[in-house]
There are 2 protein chains.
Amino acid sequence: MKKYVYLFSEADGSNKALFGGKGANLAEMTKLGMPVPQGFTITTEACTKYYADGEVLADEIVEQIFDALAKVEKLQGKKFGDLENPYLVSVRSGARASMPGMMDTILNLGLNDVSVKGLAKLTGDDRFAYDCYRRFIQMYSDVVIGVGKQAFERMIGDLKDSKGYKSDVDMTAEDLQSLIARFKEYFKADQGYDFPQDPKEQLIGAVKAVFRSWDNPRAIVYRRMNDIPGDWGTAVNVQSMVFGNMGETSGTGVAFTRDPATGEKKLFGEYLMNAQGEDVVAGVRTPSPIDHLKVQNPEAYNQFVQIANTLEQHNKDMQDMEFTIERGKLFMLQTRNGKRTANAALKIAVDLVKEGMITEEEACLRVEPKQLDTLLHPQFDAKALKAATPIAKGLPASPGAAYGKISFTAEEAVERNKAGEKVVLVRLETSPEDIEGMVAAEGILTVRGGMTSHAAVVARGMGECCVAGCGALVVDEEAKTVTIDGKVYTTEDYISLDGSTGNVYAGIIETKPADISGNFGTLMGWADKYRALKVRTNADTPKDAAQAYAFGAEGIGLCRTEHMFFKEDRIMSVRKMIVAKTVEARKAALNELLPMQREDFVGIYEAMKGNGVTIRFLDPPLHEFVPHKDAEIQELADELKMSFAELKKIVDDLHEFNPMLGHRGCRLSVTYPEIAEMQARAVMEAAIIVSKRNDYKVTPEIMIPLVGEVKELKYVKEHVVAVLEEVMKEQNYKLDYKIGTMIEIPRAALTADQIAKEADFFSFGTNDLTQMTFGFSRDDAGKFLDDYYAKKIFESDPFAKVDQIGVGRLMKIASTEGRAVNPDLHLGICGEHGGDPSTVEFCHDIGLDYVSCSPFRVPLARLAAAQANIKNPRK
Amino acid sequence: MKKYVYLFSEADGSNKALFGGKGANLAEMTKLGMPVPQGFTITTEACTKYYADGEVLADEIVEQIFDALAKVEKLQGKKFGDLENPYLVSVRSGARASMPGMMDTILNLGLNDVSVKGLAKLTGDDRFAYDCYRRFIQMYSDVVIGVGKQAFERMIGDLKDSKGYKSDVDMTAEDLQSLIARFKEYFKADQGYDFPQDPKEQLIGAVKAVFRSWDNPRAIVYRRMNDIPGDWGTAVNVQSMVFGNMGETSGTGVAFTRDPATGEKKLFGEYLMNAQGEDVVAGVRTPSPIDHLKVQNPEAYNQFVQIANTLEQHNKDMQDMEFTIERGKLFMLQTRNGKRTANAALKIAVDLVKEGMITEEEACLRVEPKQLDTLLHPQFDAKALKAATPIAKGLPASPGAAYGKISFTAEEAVERNKAGEKVVLVRLETSPEDIEGMVAAEGILTVRGGMTSHAAVVARGMGECCVAGCGALVVDEEAKTVTIDGKVYTTEDYISLDGSTGNVYAGIIETKPADISGNFGTLMGWADKYRALKVRTNADTPKDAAQAYAFGAEGIGLCRTEHMFFKEDRIMSVRKMIVAKTVEARKAALNELLPMQREDFVGIYEAMKGNGVTIRFLDPPLHEFVPHKDAEIQELADELKMSFAELKKIVDDLHEFNPMLGHRGCRLSVTYPEIAEMQARAVMEAAIIVSKRNDYKVTPEIMIPLVGEVKELKYVKEHVVAVLEEVMKEQNYKLDYKIGTMIEIPRAALTADQIAKEADFFSFGTNDLTQMTFGFSRDDAGKFLDDYYAKKIFESDPFAKVDQIGVGRLMKIASTEGRAVNPDLHLGICGEHGGDPSTVEFCHDIGLDYVSCSPFRVPLARLAAAQANIKNPRK
């Protein structure tokens, strides 16, 4: 028979997968001879079996639980439900990865009408015993049975009102006894049977409740946010209760071996005498700093310091420990690697290497790549922030902090910015036409749209603070007001945005620039030393390119050219090109764009100082560049000197049922090769200009988007190559160049062996590839993805983290089969996913050459790439 | 050195891939000792090399051509450019598959200022000789050099005008000589050099021109229509000229060994004495029936009859032959398997088996599956049709013939049909709401939309005649008129449609019902005997199901349920369901639909008499069921007793950016499982009703659409199974049932090993799978697909013929990996492709169990399946 239940003394402290983090650490502390209240762990396999069996706890597991219980009772010399020496336990979840507060915990299990008396006798404190019992009934009814939460609170309220009590602590033992009686009455009336008196029945109920809580909505959300697979399951730890509230020689506390906020090396924590754990959390009394214990109980203090040191040495990381002192005697309830701020994480990792406790590689593994993000953006001054109260909360769409006066349109933002004002752009949602306003603004606040809305994606790309989907805003664009909670704000009001929390504040909260301390540099140096993947950036402007270069980008993996087309000074030429009726007219309009495109590329090449820059040719459908409202069409018609009807027809003909699946990408160049030709000319002319005036030579990399068939690439490539060669001949200057494609259409991946013959590089466009592979669009999926999370169909957002089995399989096919015919094929990823650590790891594992991500994610990607190579070194 | 040029006597008559059809048959006739004017074939490999070399004819090929030429000159005892005995040749294309009229031909090559005199002397006919030379200059200048077409015609016109001639034949030898002089002058002025006098130079120019013509636009279109790959290339046949116009003992003709219209076994053909081939075609003189030759030249006639018999016996098929009699001597210019009508094809195939010439299997291979289509629909009476002139021409979107009075709306069509009128529905384009009107109409005519537009797809599905994209129509829906070429037609006017040609006629042309003669039944019987694939049908109504059953369908592979939702008596319940704010309200609306859905299924189960019926659950996005114009929204709001604003918001919220990639398919059932539950109840209740009252038992097959992740299927399946079991329990009646899914999302194919564990069957939804795999939608691709054909990026429409290397690879992955985990997995295809012969063959080859197609394509699929199994027998 399989073993599902282990005493702490039996369990293997290195096997967190089986015993969960808490269980493994309890086993480890037991093994190290530390004073741990004994108990047992029910494994994660029991949890997965529970779900596989249809949410049923198998008899064999129940049996093993009771066996273990008997052993521990014997060990502790106590008995469940005993009048003299009652045995009480806590029942706690403990998953492989720490998920604080996400799952259920039940304390003081074992209390019933008999054992409560035993507890009273044992502690000499009737009030304490009945308060425990009352709390246990409340907690158990709520968590295990799902009954009475509001009713019980109401009963307590009624009792306090009738007696004129202000606080719970005013209630006497007698009050609590009468409450217990009422609770039990209510329970029986509601459930039709008595509140369970059998501690064993209580225990099995509690274990099932913990297993169930693995799948409660907040745990599901937490797992999605933290990349924790749903099939891991949780272990359950049943531990003998010890009491920190048995008078003034008892107490309870929490401590860290280093400061979790700064990383400073000193014991850091607090405790309360004569209290239980929840009192510390509740904040009714103010806890003392840990070093006061030195005075109150030097022996326990010294013992604790020694244990803390041992644990840190043993686990080679900063520890977060819970302890209880029962009548002077120290008990360790749990230890774990402590959560810490990004700054602390860096300092601790670097310090541990200096202290000789861990290697540089281990240090790289100790810092969560995602944490770095918070270090790279301006932040609110912590004190100023503490004093402020948010007026609304949206989604933390792009980190950083910003303040400015409210601006309702992109044009206004641009103008006021020119005039020297700081503005925040407030929009229902943004569109590509807002791009200049977004650049001009300090931050962006939208009413609609999620984490992957246009505003969010663009803002993250620019490293600009953005709060999205803030539904509490009522925007009146005509009146130029925004109303929040009944209060009206105008264009003269300042607001402040926290893109890391989604909070919106009235007025100015001062910000401070990103603080990249020495530890950051040290760790990044190690990361660069140990990674195999190169890290490029997605940047469309010299400013972004320079920012990314400063963050360590080794080139540009995706330079989109369409944003350039939206700029005020060129959109008219773009529109002329679209309405052109002849190739000649189209070429004339394109010729107007040529010098501007060339200047764009010159700026970007200069910013990247000779590093590779992959320029993607025009991608979006042309209807994105024309107005759609009648008034705007009329205006444009006037400017273009054509009739409204004529222009309206052109606009209507551009309409697409499914723009994502329409006339865009290389399909545009197949229809209008002159567009690609203009872009090719701009690229090569810019490359020659920059190469001539610097001591490096530019190697242009041209990316043809949306290829699904090799002949598309071949056709466009022929036109592009002809122009590149022509320009070099004209200028009598020779440069190498590369022509490649995005792999973003499933068929491109499936026919990579053909496409690779014509391509110097593949760049995985995982945004589109995900859309096509799943058959849903990022814009429309918002309608049902929440249902998918709630119903456990998806565990994570496929637009944030690459779906390895579907999309990833296509990536593997394309990589393997592409390289088979073209061993020099350069492989990278340039979708949003390139800045996701798990995706970076996947890209490393399947042998890509580089990842490309937005500038502010470059450090994250460098670290994630190092972690991937440390875990799975590339030959 | 590779051999690119073969004398007819050297070539291998069985190798059409290398020598083309014409070349191989010339070789074969030569080998059989038949009187073939000698010559040589330049292989298809030379053509592909020509393209691979960048449209250059390699020196080695030129050399081999001249070598062969020298041998043939010697053989014939004539010399190129000779004054006494000039050697002339024809240069003709000859592809592997016959492409009549698609490529270029040049006759009388070898004529120049010298040899024309030789020809005159030889024939004793100056006028003939100079007419040949003038035609040669015209043809060569146009086809090879691309010059002078209009100018030469104008010169001829001017000359005739000045002399008062009415016809070309009025021109004298002197007239022709002066024309020749003017032609040459023009040529020199335009090109800067003399018209080529060197016959060898002429020859090489002509060969290149034929190679080039392989890629002319009409050849590309023909190949796409006939599934001929672009990389086959064409061979070139250089054949000694013989002359049928050397007086009254010469002649030329064309004959078939059987009647190509009826298939009757008798020599069928016509000839003209003293004429060249083009005279027969030009129709200036009326040719004589072939048997008149018996009188004019019994020897030649008998020889020809014998040759015809030998060729038919040798090739085991009806032959189409060209011959020339030069001064009493018969020459065979070419033979090929003759094109024939569908009826003739059937009769010939069956007769050849009866005659012991071919086997049943060979007979199955002799009939083009696509031809069968024309036999299954009503047709216009041939005589009546001959007398009529089309008033407009659209796309032949769905075959058959129909007439009726013009009806401009679906509602009107329904009402007038009820009142006993025959109507033709004329619409700008159709939408799903028109479905009832489409059923009520005799035929459908649309102004917009292509071969895969809504109207076309639905009409083909129903076997109803449809002409689509008829841009010549100006429809005024308000005035209820349609104007064609200035003439106005009203709802009282009759029009007639020919869905096989796209022609539209004014007035009534009588139709006659499909004539499925005995040969049809015989051949279908053989097809059924030799096929391995089952053939099902796509049918949503009992009427369609019955039609398909009559055509031999062995079940329904796709029964869409959404068309049922659009019916007049239920759309309101559907809309109530959509606007419901609570699950209860939604269930109430669904309950209104339940009895109707049940009746639908009862009717379909009865029609299919116990054969499998795969019912696909609701698939389209919900916004398809609500109105979008304000007036209609207001109307619906009134009916639903809600405010306009409230309903408008619901409609707006349903809007999707990319409906194809939106909230549809199983995603609807994940959000609203109650929809699937209602449908499951309707299915099982219907199945029980039908099983109880018949001697067969229905096995419901439920198809969950648009699955991309196994957990979607699992989730919906759990809800469905619960209802199925519940219904069986309620009714105390047990039936087997199957639950499966469409494979129409790339990810479904890529994760088939997981999905197959939960599915009893996979049905490949190749319409959507093609859209997702290529990343373009059927509705939007029309904008660029023509460019793709013109630029040779695509050779065929991926929505008509499955793309085997991309989409097909996903199908193979899904089949192989699905069966690996679930060997009983039932596999089929239900996209539009299921009725395409090449796709049927592919489905056979990858081991599917069945194909499913629209009712009128069932016979086609049965035959295609037989051909596939005969070519590649399944073990």
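Biologist: Which element gives the largest share of the negative patch?
Modeller: In this predicted model, local features need pLDDT (the predictor's confidence in each residue, from 0 to 100) of at least 70, side-chain atom pairs count only at pLDDT 80 or more, and totals for chains, interfaces and linings use all residues. A patch joins like charges within 9 Å, or nonpolar side chains (Val, Leu, Ile, Met, Phe, Trp, Tyr) within 5 Å, among residues with over 30% relative accessible area and no salt bridge. Two elements of chain A give two or more residues, α17 (410–418) and α25 (630–640), helices being DSSP runs (H or I) of at least four residues and strands (E) of at least two. The largest share, four residues, comes from α25(A).

Biologist: How far apart are the closest N and O atoms of B:E562 and B:R616?
Modeller: Residues are numbered from 1 along each chain, chains are lettered from A and ligands numbered from 1 as written, and side-chain values use heavy atoms, without hydrogens or water. B:E562 in helix α22 and B:R616 in strand β28 are 54 residues apart in chain B. The two form a salt bridge (a Lys or Arg side-chain nitrogen within 4 Å of an Asp or Glu carboxyl oxygen), with their closest N and O atoms separated by 2.5 Å.

Biologist: Is A:R531 buried or exposed?
Modeller: The side chain of A:R531 meets that of A:E554 in a salt bridge (2.9 Å, N to O). Buried means under 20% relative accessible area, exposed over 50%, and partly exposed in between (1.4 Å probe, protein chains only). A:E554, at 25%, is partly exposed. A:R531, with a relative accessible area of 13%, is buried.
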